[in-house]
Amino acid sequence: MSKTVSIEKSVPVAGSYDVVVCGGGPTGFIAAIAAARQGAKVALIEQYGFLGGMATAGIVAPLSVFTYSGEKVIGGIPWEFCERLQAMGGGLIEKPLGNVAFEPELYKLCCQRMVLEAGVELYMHSYLSGCICEEGSVRQVIIENKNGTEAIEAKVFIDCTGDADLAHMAHVPMQDLEGKPLQPLSTYFVLSGVDTESEVVKDAMHHNKQGVNCHCLPIREKLIELKDKLGIPEFGGPWFCTTLQPGVVTVNMTRTAADACDNRDYTRAECELREQVFKMAKVLKENFEEFKNCYVSAVAVTAGVRETRRIKGVHTITGEEYVNAFHYEDSVSRGAHPIDIHVAKGPSQNVTFLEKPAYVPYRAFIAEGFPNLLVAGRCLSADKTAFASLRVQASCMGMGQAVGVAAAQCCESGCSVLDADIDKLVTSLREMGAMI
């Protein structure tokens with residue numbers, strides 16, 4: 001039996017709000033803006049000193065997919081963000097598919113501006129470490145930062161942590177993933193000194209072809225040929241994306257199997273992936289003319305996590321519902337990205353393109369017995385197939401918008417999130433520009 005210690009301390013309440021959003025990634029910062037624009041007093045808790053999550057800390061590019069077959073799928077605040085980012089010179093909306101390439105530093109600035117303009121109070125450099133619950137209701141969340149341990153209370157809490165951290169701490173039931181390997185982690189990196197005018201790279205770094213896996217096939221084929229000879233580790237893609245700067249691309253090709261909710265396994269994976277970054281960069285430099293002058297100019301702050309915990313919600317979105325674009329009575333968001341399942345070990349990827357955009361019901365964001373907790377983003381209630389599409393950033397932004405509005409409206413009416421007025425919610429989302 002391992003040793004344990006007991007800790008007991010009084011914790012100051014740092015603030016009281018209508019809505020507290022945990023996690024400032026694509027889901028969370030949109031949720032915070034949406035709730036604040038509905039008139040709620042909102043706080044946003046973020047572990048890093050900037051917003052954007054996987055887009056900025058993980059350099060995961062592009063943002064995808066906002067339009068499909070000429071139809072806008074994700075509208076409202078998420079699309080406003082894309083247009084503002086492009087106007088700042090930090091985004092490129094790739095038509096006709098609506099993937100958005102971006103410059104990570106301007107992305108950070110754009111979402112920070114929008115959050116602060118909405119009146120959201122930020123708690124950055126703050127790590128969620130626990131919560132206090134009474135009869136299923138979350139009363140306070142506990143955070144750790146340079147001020148010490150603090151509590152923040154709210155009427156409604158939104159879990160946008162990606163890993164369902166708050167829901168897990170509140171003992172929300174989770175999807176059973178036993179015997180189902182998690183999708184692998186990947187650490188993105190940035191290469192400078194690349195010949196971005198070459199035909200191979202120029203074609204690969206613009207993700208604007210519907211129904212096409214945008215990996216760089218000529219480089220992939222040669223890497224597979226060289227794999228054993230050069231000792232190349234398992235890789236995906238590779239996928240390149242423009243950062244809007246000449247000679248610079250983001251690279252997605254590293255991978256390793258790991259559970260990002262296990263600290264020791266996550267640590268091991270981070271170290272392994274960082275080694276892979278420099279190994280892969282060297283292989284590209286020494287074997288491909290387009291990369292002969294390249295060098296690593298940035299590595300993601302954190303490994304990109306594709307899959308961890310998901311709640312067992314009032315409704316679990318099934319793959320059958322998703323691929324058939326089933327429209328629920330409580331549809332509040334959409335998804336159009338391919339069903340994209342990366343295998344835990346090896347270079348394989350299973351991709352299924354949708355015939356038409358799918359729908360996401362409000363009931364996938366709530367769990368029975370938890371009257372003031374919403375989740376959105378990677379931790380929603382979906383099976384492995386539906387989740388493999390919904391986990392991407394545009395879909396997460398649409399979900400964030402839906403739960404942000406729902407949280408504010410539940411605060412205003414004084415009702416449980418389990419009893420949200422769906423007609424009012426849908427009307428408000430449509431008025432904001434959501435395509436539901």
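## A walk through the predicted model

Let's begin in a loop: P62 sits between strand β2 (42-45) and strand β3 (67-68). Keep in mind as you explore that this is a predicted model. The peptide bond leading from A61 to P62 is cis, and its omega is near 0°. That loop between β2 and β3 also holds I59. I59 is not a glycine, yet its phi is positive, at about 50°. Why point these out? Most residues other than glycine have a negative phi, and most peptide bonds are trans. There is another cis peptide bond to find, joining K95 and P96, with omega about 5°. To locate P96, look in the loop that runs between β5 (91-94) and β6 (99-102).

Now turn to the helices, starting with α1 (residues 26-37). Helix α1 packs against helix α10 (residues 393-413) at an angle of about 30°, and their axes are 7 Å apart. The two cross in a right-handed way. On the α1 side, the residues that meet α10 are P26, T27, F29, I30, A31, A34 and A35. Facing them from α10 are Q393, C396, M397, G400, Q401, V403, G404, V405 and A408. What kinds of residues make up the contact of α1 with α10? Sorted by class, there are 11 nonpolar and 5 polar residues, with no charged ones.

F29 is worth a second look. Its ring pairs with the ring of Y107: the centres are 6.3 Å apart and the planes lie at 80°. Planes over 60 degrees apart count as edge-to-face, so that is the name for this pair. Because F29 belongs to α1 and Y107 to helix α3, the pair ties together parts that are 78 residues apart in sequence. In total, the model has 9 aromatic pairs counted by this rule.

Y107 leads us on to α3 (residues 104-117), which packs with helix α2 (residues 77-87). The angle between α2 and α3 is about 130°, with 10 Å between their axes, which makes α2 oblique to α3. The crossing of α2 past α3 is right-handed. From α2, the contact uses I77, E80, F81, R84 and L85. From α3 come L106, Y107, C110, C111, R113, M114 and E117. By class, the contact of α2 with α3 has 8 nonpolar and 4 charged residues, and no polar ones.

Further along the chain, helix α6 (residues 217-230) packs with helix α7 (residues 263-287). Here the angle is about 110° and the axes are 12 Å apart. How does α6 lie relative to α7? With that angle, α6 is roughly perpendicular to α7. I219, K222, L223, L226 and L230 of α6 touch K279, V283, L284 and N287 of α7. The residues of this contact divide into 6 nonpolar, 1 polar and 2 charged.

Our last stop is a sheet. Strands of a sheet pair through backbone hydrogen bonds, either parallel or antiparallel. In this open sheet, 4 strands follow the order β12-β13-β11-β14, and their pairing is antiparallel. Which strands stand at the edges? They are β12 (239-242) and β14 (295-299); each has a single partner strand, so one side of each has no neighbour in the sheet. On average, neighbouring strands of this sheet are turned by 35° against each other, direction ignored. For a closer view, follow β12 to its partner β13 (residues 248-252): the two run antiparallel and are joined by 4 bridges. You can trace one of these pairings yourself, since the bridge partner of W239 in β13 is N252.

Terms used. Residues numbered from 1 in each chain as written. Predicted model: local features only at pLDDT ≥ 70, side-chain atom pairs only at ≥ 80, totals over all residues. Heavy atoms only, no water. Pairing = 2+ DSSP bridges. Axes fitted to C-alpha atoms, helices over the stretch in contact; angles between N-to-C directions. Parallel < 35°, antiparallel > 145°, perpendicular 65-115°, else oblique. Left-handed = near helix turned anticlockwise from the far one by under 90°. Contact = heavy atoms within 4.5 Å. Nonpolar A, V, L, I, M, F, W, Y, C, P; charged D, E, K, R; others polar. Phe/Tyr/Trp six-rings, centres within 6.5 Å; stacked < 30°, edge-to-face > 60°.
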